[in-house]
Amino acid sequence: MTENPWLIAVINMTIVFGVLIILGILMKVIYWIDPTKKKKAQPKKAAVPVKPASNAAQKRQEEEKVAAIAAVLAMIQDEDDAVAAALMAAIAEHKRKMEPMALPHHYF
């Protein structure tokens, strides 16, 4: 039995890299015989042409999209403002509690 730490480290590294190489080979084999791989693609059917919507319908759809996006952005802004206000209140409360204690100031 050896007590040389360098020899023990080399043996352990050899074992670890040997296992990694074996796992890599196993992954390649599984990739080659992949049972979930789709077989050859069947020919696609011709797409049915879609009639373009009228200009008024397209404009209405665009307006609905813009309104939905604006609503989401407003909601996010309100949440950010609420979080910022809560954070500022917590900091103010912390400062209020720390000042009377005359503790040394710490900087973050």
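The following dialogue concerns the reading of helices, accessibility and surface patches in a predicted model.

Me: How many helices and strands does the protein chain have?

Reply: Secondary structure is the usual place to begin. The protein chain has two helices and zero strands. Helix H1 covers residues 5–32, and helix H2 covers residues 55–98.

Me: What share of the 108 residues is buried?

Reply: A residue counts as buried under 20% relative accessible area. Here, buried residues amount to 1% of the 108 residues in the protein chain. The chain exposes about 11000 Å², and 70% of that area is supplied by carbon and sulfur atoms.

Me: Which residues make the nonpolar surface patch?

Reply: A residue must have over 30% relative accessible area to join a patch. The nonpolar patch, of about 1000 Å², includes Leu 7, Ile 11, Phe 17, Leu 26 and Ile 30. Leu 26 belongs to helix H1 and is partly exposed, because its relative accessible area is 45%.

Me: Which residues does UniProt list as "transmembrane region"?

Reply: An annotation of this kind can be set beside the model. The unreviewed UniProt entry lists residues 6–33 under that name. In the model, the span is 96% helix and 0% strand, with its end C-alpha atoms 41 Å apart.

Me: Which residues form the negative surface patch?

Reply: For charged patches, Asp and Glu count as negative. Asp 78, Glu 79, Asp 80 and Asp 81 form the negative patch. Asp 80 lies in helix H2; with a relative accessible area of 44%, Asp 80 is partly exposed.

Definitions and conventions. Residues numbered from 1 in each chain as written. Predicted model: local features only at pLDDT ≥ 70, side-chain atom pairs only at ≥ 80, totals over all residues. Heavy atoms only, no water. Patch = residues over 30% accessible without salt bridge, like charges linked within 9 Å, V, L, I, M, F, W, Y side chains within 5 Å. Areas by Shrake-Rupley, 256 points an atom, 1.4 Å probe, with all protein chains shown as cover. Salt bridge = Lys/Arg side-chain N within 4 Å of Asp/Glu carboxyl O. Helix = DSSP H or I, 4+ residues; strand = E, 2+ residues; numbered from the N terminus. Buried < 20%, exposed > 50% of the residue type's maximum accessible area, 1.4 Å probe, protein only. UniProt positions renumbered as here; feature names shortened; annotations may be inferred. Charge placed at Lys NZ, Arg CZ, Asp CG, Glu CD.
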